[in-house]
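Here are some exercises to work through with the model open beside you. Try each task before you read its solution.

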Amino acid sequence: MTASSPIGVFVAPVTPLQQNCTVVWCTATNKAAVIDPGGSVDSILAEITRRGLTLDQIWITHGHLDHAGGAAEMQEKTGLKIQGPHPDDQFWIDGIEQQGKVYGIPEARGFTPDRWLADGDTMTLGDTAWDVIHCPGHTPGHVVFFNEAARFAQVGDVLFQGSIGRTDFPKGNLDDLLNAITTKLWPLGDDVTFVPGHGPMSTFGDERRSNPYVSDRAISARKP
């Protein structure tokens, strides 16, 4: 983000799956939200403190353990509310501990969100406003967080640089995912920069031009 941006962002890959835990904050108030605390809770909290930020909220994009497995611990250590994802991911949250056994993350735990999120909801962080966009397909209850003023989105596992989220998990759906990306994310603008759930940042415009799954050319080729 630029020096004049209303928000700040830092990204810390966590868990053996290298999930992009993302901390965003209002630059006017230094109030911060952590998005997808999948693990490494103590180090994330230490970095928030080092930067002089005040953690205010915990936001979850979807219920997979590498994104949500540390939320319960973070809530215990901060007393903050867990917000998100959409209630259609309840079954994933309920299975986090079992997922942890499979993926070698035994400390991952389930939780009950203090607030479920729905398409069209608004999150307020300091002086900034964030839109909640329901983008099913990778999981049925996946949400994206978008700050219009900063032209920035945290998209979880919906979209990546050069790829898209897997849809072969339970209740995943490729058509739903492609529809969510093309009808809910692309209209936000090519200039939007996004942090994905894994890997490097990109822009919606770059992905529309070159992503082999959801570029304009790729989507046109899918049409009968």
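**Exercise 1.** Find which residue of S3 is the bridge partner of Val-24, then work out how S2 is paired on either side.

*Solution.* This is a predicted model, so take the pairings as features of the prediction.

- Step 1. Start at Val-24: its bridge partner in S3 is Ala-33.
- Step 2. Widen the view to the two strands. S2 pairs with strand S3 (residues 31-35) in the antiparallel sense, over four bridges.
- Step 3. Look at the turn. Four residues separate S2 and S3 in this hairpin, and Asn-30 in the turn has a positive phi of about 65 degrees.
- Step 4. Now go to strand S1 (residues 7-14), which is joined to S2 by eight bridges and runs antiparallel to it. For a landmark, find Ile-7, which sits opposite Cys-26 in S2.
- Step 5. Check the turn here too. The hairpin of S1 and S2 has four residues between the strands, and Thr-15 takes a positive phi near 65 degrees.

**Exercise 2.** Decide how many of the eight residues of S2 are buried, and say where Asn-20 fits in.

*Solution.* Buried here means under 20% relative accessible area.

- Step 1. Count along the strand: eight of the eight residues of S2 are buried, so S2 is largely enclosed by the rest of the structure.
- Step 2. Split the strand by face. Gln-19, Cys-21, Val-23 and Trp-25 are buried on one side, and Asn-20, Thr-22, Val-24 and Cys-26 are buried on the other, so to speak two covered faces.
- Step 3. Zoom in on Asn-20, which lies in strand S2 (residues 19-26). Its relative accessibility is 4%, so Asn-20 counts as buried.
- Step 4. See what surrounds it. Setting aside neighbours within four places in sequence, the contacts of Asn-20 include Val-11, Ala-12 and Pro-13, as well as Ile-35 and Gln-154. Also among them are Val-195, Pro-196, Gly-197, His-198 and Gly-199.

**Exercise 3.** Work out the strand order of the six-stranded open sheet, then follow the pairing of S9 and S12.

*Solution.*

- Step 1. Read off the order, which is S6-S7-S8-S9-S12-S13, with mixed pairing.
- Step 2. Find the edges. Strand S6 (122-125) and strand S13 (202-203) each have a single partner strand, so one side of each is left without a neighbour in the sheet.
- Step 3. Move to strand S9 (residues 152-156) and strand S12 (residues 193-196): they run parallel and are joined by four bridges. Ala-153 of the chain stands opposite Phe-194 in S12.
- Step 4. Take Phe-152, which lies in strand S9. At 0% relative accessibility, Phe-152 counts as buried.
- Step 5. Compare sequence and space. Phe-152 and Thr-193 are 41 residues apart in sequence, while their C-alpha atoms are 5.0 Å apart.

**Exercise 4.** Which backbone features turn up at Pro-85, Arg-151 and Lys-171?

*Solution.*

- Step 1. Pro-85 sits in the loop between strand S5 (82-83) and helix H4 (90-94). A cis peptide bond joins Gly-84 to Pro-85, with omega about 0 degrees.
- Step 2. Arg-151 belongs to the loop between strand S8 (143-147) and S9. Though not a glycine, Arg-151 has a positive phi of about 55 degrees. Its relative accessible area of 23% makes Arg-151 partly exposed.
- Step 3. Lys-171 is in the loop between strand S11 (163-164) and helix H6 (174-185). Here phi is positive again, near 65 degrees, in a residue other than glycine. Lys-171 counts as exposed, at 58% relative accessibility.

**Exercise 5.** Zoom out: how does the radius of gyration of the chain sit against the globule rule?

*Solution.*

- Step 1. Take stock of the secondary structure, which comes to eight helices and 13 strands.
- Step 2. Compare the values. The radius of gyration is 16 Å, close to the 17 Å that the globule rule gives for 224 residues, so the chain is as compact as a globular protein of that length.
- Step 3. Add burial and contacts. Of the 224 residues, 53% count as buried. Among contacts with a separation of 6 or more, 59% involve residues 24 or more positions apart.
- Step 4. Finish with the surface and charges. The chain exposes about 9,500 Å², with carbon and sulfur atoms supplying 49% of it. There are 17 positive and 27 negative side chains, and the centres of the two sets lie 2 Å apart.

Notes: Residues are numbered from 1 along each chain as its sequence is written. This is a predicted model: local features need pLDDT of at least 70, side-chain atom pairs count only at pLDDT 80 or more; totals for chains, interfaces and linings use all residues. Side-chain values use heavy atoms; hydrogens and water are left out. Two strands pair if DSSP finds at least two bridges between them. The radius of gyration is taken over C-alpha atoms; the globule rule is 2.2 Å times the number of residues to the power 0.38. Buried means under 20% relative accessible area, exposed over 50%, partly exposed in between (1.4 Å probe, protein chains only). Contact means heavy atoms within 4.5 Å. Accessible areas come from the Shrake-Rupley method with a 1.4 Å probe; for residues, only the protein chains shown count as cover. Lys and Arg count as positive and Asp and Glu as negative; His and the chain ends are not counted. The place of a charge is taken as NZ of Lys, CZ of Arg, CG of Asp or CD of Glu.
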